[in-house]
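Student: I would like a close look at a single part of this model, taken slowly and with its surroundings described. Please begin from the part itself and only then move outwards.

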Amino acid sequence: MGESSPSFDKTPRRIRIGAAPIVLGVLAVLIAILAALAVWLNPAVSDSAVLEAGGVITMDLFMERHPEEGRFLTDVYSIDTSRPGIYAIDILRDGKTYDCSLIIRDTAAPTASPVHVTVGRGRAPSPEEFVTDVRDVTPVTVVFDGVPDLTAGGDQTVGLILTDTSGNETRLTATLTVLLDSVPPQIHGARDLEGYAMDSLDLTTGVSVTDDEDPSPTLEVDDSGVDPDSPGVYALTYIARDAAGNESRITVNVTILERPVGYVDPRIVMGFAEKALEGIVNDSMDDMDKAYAIYRYVKYTVAFEEDSHKSTWSGAAYQAFAAGVGDSFVHASACRALLTAAGIENVDITGTSGNHWNLVYINGGWYHFDATPRAGGRDNFFLLTDAELEAYSSTHSGSHRFDASLYPDRSETSLQDAVDYGSTVLRR
Ligand SMILES: [Ca+2]
Ligand SMILES: [Ca+2]
């Protein structure tokens with residue numbers, strides 16, 4: 001039995017010699033499969049990639065290794081990456097073309113800042129009014145999260161939902177203030193206006209607005225229908241609004257006049273008047289002192305001559321300041337400029353004989369004021385009552401008769417005790 005051992009030993013040796021190439025072949029196949037599997041699991045070019053909306057398409061989305069070796073055959077710059085979707089992209093690498101897909105996803109929710117909204121009764125605000133600075137790569141819709149209560153006055157919190165086209169949501173809150181004021185504001189002092197072509201019209205002096213609730217209602221002037229350079233009659237509208245949105249309107253006529261020959265811009269005249277005032281009044285004077293200084297200034301520096309620019313008061317006043325001579329219209333117009341510059345209310349008055357002088361408001365009443373010098377210079381007309389003026393007028397051919405109904409009511413209290421016409425100052 002022991003002799004049979006050698007033949008027993010040879011048999012497995014033959015088997016081992018013959019099996020070696022098979023094992024190697026199997027290993028080679030296995031390696032090849034593993035290699036193919038590795039390439040399949042981790043290809044040189046991925047057949048799909050994902051990009052967040054708004055991003056930039058780059059080769060490394062498709063190739064982990066050596067993206068510089070790839071080239072886009074598709075014009076990727078023509079793809080709007082703000083639009084989610086699946087896009088076909090061809091890539092060339094190592095002479096081979098790969099058909100790939102780019103998936104653009106929007107996973108970022110919108111961002112925005114809340115806005116405090118104030119409305120009056122009866123106006124329903126839109127949800128969009130409550131947000132500003134809305135950001136997202138896709139369009140965003142805004143809706144209320146619950147309906148605001150427009151019947152409740154005061155502040156309330158309003159919920160808002162912002163949604164992008166991919167369904168990403170952002171919720172935020174804002175404050176809504178509802179004003180229950182329903183009374184429109186009142187406009188005061190609106191009146192018809194008149195001016196000369198090419199001048200800037202002062203549209204708001206003397207016009208004011210008040211409201212029952214709003215401490216600072218707005219005043220708007222709609223002068224879009226006024227052509228200030230062309231003579232004509234135009235409509236101008238004052239529009240007042242309170243915070244609750246209540247509105248009131250007053251429309252007035254603006255008459256633009258042709259500039260007469262020799263027309264002088266009133267602002268030029270007021271410039272002369274302010275300069276003259278500097279030399280004759282000071283802060284220690286009251287209105288009556290100032291009026292007296294103006295009276296004497298015009299009476300003694302503007303000589304009398306039967307000549308004036310009759311067309312406009314500003315032209316006549318200009319003649320007084322520039323030429324220092326003129327008739328009663330020139331004197332009264334110079335007084336108007338000086339009194340106005342001094343802040344003293346005054347009104348032009350024209351007598352039935354064509355004589356001109358002023359009414360001034362002093363010590364709570366209106367008085368006659370006529371600084372036109374008369375022959376001899378002895379006649380004086382500083383703050384006269386109707387009776388005092390008539391005493392002169394009746395003995396001088398009715399020089400100062402006038403239609404009393406056209407002017408403010410005059411005071412009947414004489415101020416003449418204060419006046420010494422020989423003195424440069426009043427008795428006080
Ligand atoms: Ca988004
Ligand atoms: Ca109101």
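Student: Which are the buried residues of α4?

Tutor: Please keep in mind throughout that this is a predicted model. The buried residues of α4 are W313, S314, G315, A316, A317, Y318, Q319, A320 and F321. Because nine of the 11 residues of α4 are buried, this helix is largely enclosed by the rest of the structure. The enclosure can be described by its partners: the buried residues of α4 pack against the helices α2 and α5, and against the strands β18 (325-326) and β19 (346-350).

Of these partners, α2 can be described in detail. Two packed helices are described by the angle between their axes and the distance between the axes. For helix α2 (residues 266-280) and helix α4 (residues 313-323), the axes come within 9 Å and cross at roughly 35 degrees, and the crossing of the two is left-handed. On the α2 side the contact is made by P266, I268, V269, F272 and A276, while on the α4 side S314, A317, Y318 and F321 take part. Sorted by character, the residues of this contact of α2 with α4 are eight nonpolar and one polar, with no charged residue among them. An α-helix has 3.6 residues a turn, so residues three or four places apart point the same way. With that in mind, it is worth following the contact residues of α4, namely S314, A317, Y318 and F321, along the helix in the displayed structure. S314, A317, Y318 and F321 also appear in the list of buried residues of α4.

Just after α4 comes G324, which takes a positive phi of about 70 degrees and lies in the loop between α4 and β18. G324 counts as partly exposed because 13 other C-beta atoms lie within 10 Å, a number that falls between the limits of 12 or fewer for exposed and 20 or more for buried. Leaving aside neighbours within four places in sequence, G324 is in contact with T301, V302 and A303. As for its distance from a residue of the helix itself, G324 is 10 residues from S314 in sequence and 14 Å from S314 in space, C-alpha to C-alpha.

The helix α5, another partner of the buried residues of α4, also packs with a further helix. Helix α3 (residues 287-301) and helix α5 (residues 328-341) pack at an angle of about 145 degrees, with their axes 10 Å apart, and here α3 passes α5 in a right-handed crossing. In this pair, A291, I294 and V298 of α3 meet H331, A334, C335, L338 and L339 of α5. The residues of this contact of α3 with α5 comprise seven nonpolar and one polar, and again none is charged.

Two residues elsewhere in the chain may be set beside G324, since each has a positive phi although it is not a glycine. L383, with a phi of about 60 degrees, is placed in strand β22 (residues 382-384), and L383 counts as buried because it has 25 C-beta neighbours inside 10 Å. D94, with a phi of about 50 degrees, sits in the loop between β3 (85-93) and β4 (96-105), and D94 counts as exposed because it has 9 C-beta neighbours inside 10 Å.

Finally, the wider setting. The domain assignment divides the protein chain into domain 1 (48-105), domain 2 (111-179), domain 3 (186-257) and domain 4 (266-418), and the C-alpha centres of domain 1 and domain 4 lie 91 Å apart. The chain has six helices and 22 strands, and along its principal axes the C-alpha trace spans about 180 × 50 × 45 Å. Its radius of gyration is 48 Å, whereas a compact globule of 428 residues would have one near 22 Å. Of the 428 residues of the chain, 25% count as buried, a figure to hold beside the nine buried residues out of 11 in α4.

Conventions
Residues are numbered from 1 along each chain as its sequence is written. Chains are lettered from A and ligands numbered from 1 in the order in which they are written. This is a predicted model: local features need pLDDT of at least 70, side-chain atom pairs count only at pLDDT 80 or more; totals for chains, interfaces and linings use all residues. Axes are lines fitted to C-alpha atoms, for helices over the stretch in contact, and angles run from 0 to 180 degrees between N-to-C directions. Helices (H or I, at least four residues) and strands (E, at least two) are DSSP runs, numbered from the N terminus. A crossing is left-handed if the near helix is turned anticlockwise from the far one by less than a right angle, and right-handed if clockwise. Two residues are in contact if their C-beta atoms, placed from the backbone, lie within 7 Å. Ala, Val, Leu, Ile, Met, Phe, Trp, Tyr, Cys and Pro count as nonpolar, Asp, Glu, Lys and Arg as charged, and the others, Gly among them, as polar. Domain bounds come from an automatic or database domain assignment. The radius of gyration is taken over C-alpha atoms; the globule rule is 2.2 Å times the number of residues to the power 0.38.
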